[in-house]
Amino acid sequence: MNTTVPSATAELVIDDLHVDYAIGHRKRRRAVDGVSLRVPPGRAVGVVGESGSGKSTVAGAVLGLAPVSAGAVRYGTTDLRELGRRDRPQQIQAVFQDPYSSLDPTKTLGYTLAEPLRSHAAGTERGGRGRESRTAAVDAMLERVGLGPEAANRYPAQFSGGQRQRASIARALILRPELVICDEAVSALDLSVQAQILNLLLELQQDLGLSMLFITHDLSVVHHIAEEIVVLYRGRIMESGSAESVCRTPSHPYTQRLVMSAPARDIAVQRERRARREALTPPPARLSPLGDACPFAHRCPYAVDRCRTERPLLQPSPHGGRVACHRAHELPPWPHMYEETPAGPGGRQP
Amino acid sequence: MTAVARAGRAARRGVLPALVRSPRGAVTGGFLLLLLLACALAPVSAPADPLHQDLHHVLQLPTTGHWLGTDSLGRDVLSRLLYGGRSTLVGVAEGVAAQLLVAVPLGVTAGYLGGRFDRIVMRAADLVMSVPAIVILLAILSIFDRSITAAMITFGVLGGSGMLRMVRGTAMAVRRELYVSAAELLGLSRTQIVFRHILPRCRGTVIVQSSLFAAVSIGVQTGLTFIGLGPPPPAPTWGGMINESVLTVTEDPWLLAPAGVLIALTVLALGILGDVVRDVTAQSHTSSGGLLAKPVSRRAVPPRMLPGPDPVLLSLRDLAVSFRTPAGDAEMLTRVSFDLDSGQTLGLVGESGSGKSVTARTILRILDRNGTVTAGTVRFRGRDLLSAGQRELEELRGSRIALISQEPMTALDPSFRIGAQLREIVRRHGKLSRRDADRRVRELLATVELPDPEEIARRFPFQISGGMAQRVAIAAALAGSPELLVADEPTTALDVTVQADILALLRRLQRETGMAVLIVTHDWGVVADFCTHVAVMYAGEVVESAPVAEIFDRSAHPYTRALIATSPENATRRTPIRAIGGSVPPPGARPSGCRFRDRCPMAEEDCAEREIPMIGIRAGHRSRCIHTKALEAHG
């Protein structure tokens with residue numbers, strides 16, 4: 001890049017967010033139930049959860065794609081809830097999951113990338129004046145994401161999934177945003193390509209000083225890229241804290257179950273993880289209704305009556321984060337499974 | 001990048017050259033262009049005055065003076081056709097223009113905006129559709145003194161509701177695409193989004209609808225002039241000429257031919273041209289051209305029975321599969337060989353494009369229509385599956401080989417209760433009474449650990465979760481007590497906690513029944529958890545096969561090692577992962593010799609020299625690498 005490195009200055013604040021979706025007439029389903037999180041300038045925050053956890057809805061609320069029923073969503077001093085599409089701050093951009101539908105198939109990459117520069121004042125400010133400087137900006141961005149300027153004349157169909165995801169990242173970055181929302185940005189990619197894209201995102205985040213909200217279902221991905229992690233389950237925060245502590249010493253039984261369920265890439269570790277998981281699996285029970293209960297009570301090996309009648313609030317956890325569990329301080333100690341992972345072939349550095 | 005560069009060049013071709021290059025486009029386009037020019041230049045191109053009567057030469061067959069003969073008043077038929085064509089073609093253009101002006105803006109806006117605007121527009125369109133167009137046309141013609149222009153514009157507007165619906169449907173689909181959301185985030189206005197992203201995607205629909213409408217409006221216009229509602233005689237019109245020829249059809253049948261054939265050809269040409277233009281414009285931005293080639297006939301593999309009393313359960317030898325694509329035949333699988341015996345679990349591991357799913361589908365003989373086995377054998381207990389007849393295959397597939405796939409929901413019919421669907425399957429495997437079948441269904445549902453079998457059996461597929469659906473699919477697969485279960489990415493679409501449950505279930509079932517499992521996966525965790533043996537695939541080949549512990553601890557192929565190391569779990573947090581550069585080469589772009597050598601950190605010159613065979617490393621461990629010594633020294 002030939003210009004100075006922009007760096008995020010504002011903080012994304014989500015406070016007590018509630019999102020309800022209408023299902024049919026008069027029935028509503030609560031997708032997000034009192035979620036609060038912050039993305040400080042230049043930080044990478046991960047939101048991890050399974051389907052139905054509301055993680056993508058949180059992203060949608062920031063991007064104006066989901067209806068906020070209550071709570072605050074602010075970027076710096078800008079309230080993001082009631083903005084029309086024209087007023088949305090261009091400092092916030094997104095990279096989506098599906099590399100196939102996230103680029104217009106009828107437009108060349110060059111056109112797609114130049115479009116925002118041409119379209120509004122922000123583009124002019126950011127070096128978009130005139131056709132030549134636009135082309136230069138597009139070429140530089142394509143180079144930056146590892147595609148090369150010759151990609152500008154081609155259509156999305158001529159690229160592989162990984163290359164398209166690079167192009168989506170280039171489009172998200174062309175207006176020099178401060179905050180990038182990555183909604184399952186590497187989930188549809190092959191393992192080797194996923195590693196390339198993760199490396200690219202990490203490098204861009206560190207070089208450009210971007211803030212990043214990284215949404216995924218994959219604990220190993222979020223553990224790798226995020227500094228802080230928020231664990232969602234059925235629309236509520238179960239646990240939050242540094243990536244290190246959430247993944248290595250999970251305090252919430254749900255997070256523990258997530259860690260135990262992700263199969264390790266090592267036979268001995270996986271055998272132990274599986275045995276532990278099976279020992280801690282209660283008999284199948286019906287999904288308990290949300291409300292004044294812990295949403296995980298029906299699957300929790302440690303659940304007591306209180307868990308089914310009283311909603312646990314976020315409180316400081318034994319390992320430095322915050323956890324929504326009545327029994328967080330009574331749970332048996334957690335073995336450090338990530339730490340026990342021996343180096344695979346060519347594995348971790350010491 | 002060469003393949004991409006080639007495709008790039010192909011894409012930059014204009015629509016017109018591509019149109020001329022296709023035979024259908026060249027013929028129909030040329031015909032319509034010729035007709036248009038001849039009619040437009042009628043004063044020059046017509047051999048005679050269309051109104052000049054020559055009562056000495058009436059109803060003549062074609063002569064050198066009158067190429068298409070003369071009519072009952074001795075007028076030159078060719079000249080009248082050309083002059084008549086002017087009003088016809090102008091009328092068509094007016095009709096199409098009116099329709100485009102009304103239908104496209106309304107359709108796109110309604111589809112993109114949705115909501116109340118959409119509802120109002122659609123109700124209006126319904127209203128217009130329910131009005132009988134011919135009645136309105138007759139009224140218009142009487143009000144506007146037989147003006148074909150007025151009639152065709154009216155017809156265009158009335159017929160527009162069909163196009164409006166189509167365009168709206170397309171726009172609604174495009175609105176949900178992620179790139180439209182991305183454009184909104186980038187601050188583009190609605191107008192910009194409509195013009196740049198929504199309209200271009202509606203182009204195909206608009207082209208086809210316009211050409212169809214043009215064809216229809218020629219018919220309508222000819223009909224109107226046929227019953228004398230167009231310009232009054234003696235002005236030449238196509239419909240009028242048909243009318244005149246009908247009056248003299250007993251004396252001179254020829255007169256019907258020129259006008260009739262011309263109308264038919266024009267209608268036909270418009271229809272075909274619309275199709276071709278749609279395909280050509282779509283081709284400019286798709287890689288494949290979007291056309292599926294017709295299936296290749298399968299080369300017969302001579303059936304041979306293997307000797308021996310109890311051959312291995314499943315044995316693949318040198319299997320090769322090709323797919324026919326518009327760009328030519330693509331070899332998806334080359335020399336795939338492996339064995340799988342009872343009680344074992346073989347993990348077929350690889351990235352997309354490695355051919356792992358094609359291998360699984362070939363075993364079950366459910367390849368797509370354009371795929372064909374070109375060499376090799378697949379044996380199941382010594383029986384050649386590739387030459388098995390349809391009947392034998394059905395019997396094997398149902399009972400001895402079963403399949404579970406990535407999308408269990410698609411295997412279930414949404415309009416029948418789960419219990420009824422399972423009962424069908426159960427009864428196919430044995431002559432059971434309805435009551436016994438129901439009992440067996442409940443047993444199966446209990447076997448796959450569904451909490452309340454009775455209740456699940458009463459539900460419809462859309463009332464259960466993805467994890468439950470996969471359990472139901474496994475129950476269906478177990479109905480015939482299979483010896484081999486082929487599982488094609490069975491947990492990829494599931495949440496990680498559900499995946500762990502399903503894997504635990506499969507492991508328990510395998511322990512109890514002793515069946516063999518062939519599991520296709522890209523997840524090393526699933527391999528570590530579930531497999532006893534592994535075959536790693538890359539670019540259509542098996543590059544390494546070994547017992548699972550060997551693969552993780554002493555892999556003898558650089559690709560296997562690199563792919564395991566590329567898991568984020570195996571890297572230090574927030575530092576670059578040791579990624580493999582590049583991507584899996586598609587068929588046609590694979591390097592000679594070792595197919596991985598372009599991306600291999602250990603590649604030497606001799607890797608390119610010849611095809612690399614599978615080399616035995618240890619008992620049961622084979623690798624397609626000639627530098628395994630260096631690899632083992634490397635650590």
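**Exercise 1. Count the salt bridges between chain A and chain B, and describe one of them.**

Solution. Begin with the criterion, a side-chain nitrogen of Lys or Arg within 4 Å of a carboxyl oxygen of Asp or Glu. Under this criterion, the count between chain A and chain B is nine salt bridges. One example joins the side chains of Arg265(A) and Glu569(B), with 3.3 Å from N to O. This is a predicted model, in which local features need pLDDT of at least 70 and side-chain atom pairs count only at pLDDT 80 or more, whereas totals for chains, interfaces and linings use all residues; side-chain values use heavy atoms, without hydrogens and water, residues are numbered from 1 along each chain as its sequence is written, and chains are lettered from A and ligands numbered from 1 in the order in which they are written.

**Exercise 2. Which helix of chain A gives the most residues to the side that touches chain B?**

Solution. First take the extent of the interface: 78 residues of chain A are in contact (heavy atoms within 4.5 Å) with 75 residues of chain B. Next, helices and strands are DSSP runs numbered from the N terminus, with at least four residues (H or I) for a helix and at least two (E) for a strand. Among the elements that each supply at least two residues to this side are S6, H2 (109–119) and H10 (267–279) of chain A. The most comes from H6(A), with 11 residues.

**Exercise 3. Find what the salt bridge between Glu203(A) and Arg144(A) ties together.**

Solution. The closest N and O atoms of Glu203(A) and Arg144(A) are 3.1 Å apart. Glu203(A) lies in helix H6 and Arg144(A) in helix H4 (residues 130–144) of chain A, so the pair ties together parts that are 59 residues apart in sequence.

**Exercise 4. Work out the order of the strands in the open sheet of chain A, and place H6(A) on this sheet.**

Solution. Two strands are taken to pair if DSSP finds at least two bridges between them. The open sheet has eight strands in the order S6-S7-S8-S3-S9-S10-S12-S11 (chain A), and its pairing is mixed. Strands S6 (92–95) and S11 (315–316) of chain A stand at the edges with a single partner strand each, so one side of each is left without a neighbour in the sheet. Within the sheet, S7 (residues 179–183) and S8 (residues 211–216) of chain A pair in the parallel sense over five bridges, and Leu179(A) has Ser211(A) in S8(A) as its bridge partner. Finally, helix H6 (residues 191–208) of chain A packs on the sheet and touches S3, S7 and S8 of chain A. The direction of H6(A) makes about 155° with that of S8(A), where axes are lines fitted to C-alpha atoms, for helices over the stretch in contact, and angles between N-to-C directions run from 0 to 180 degrees.
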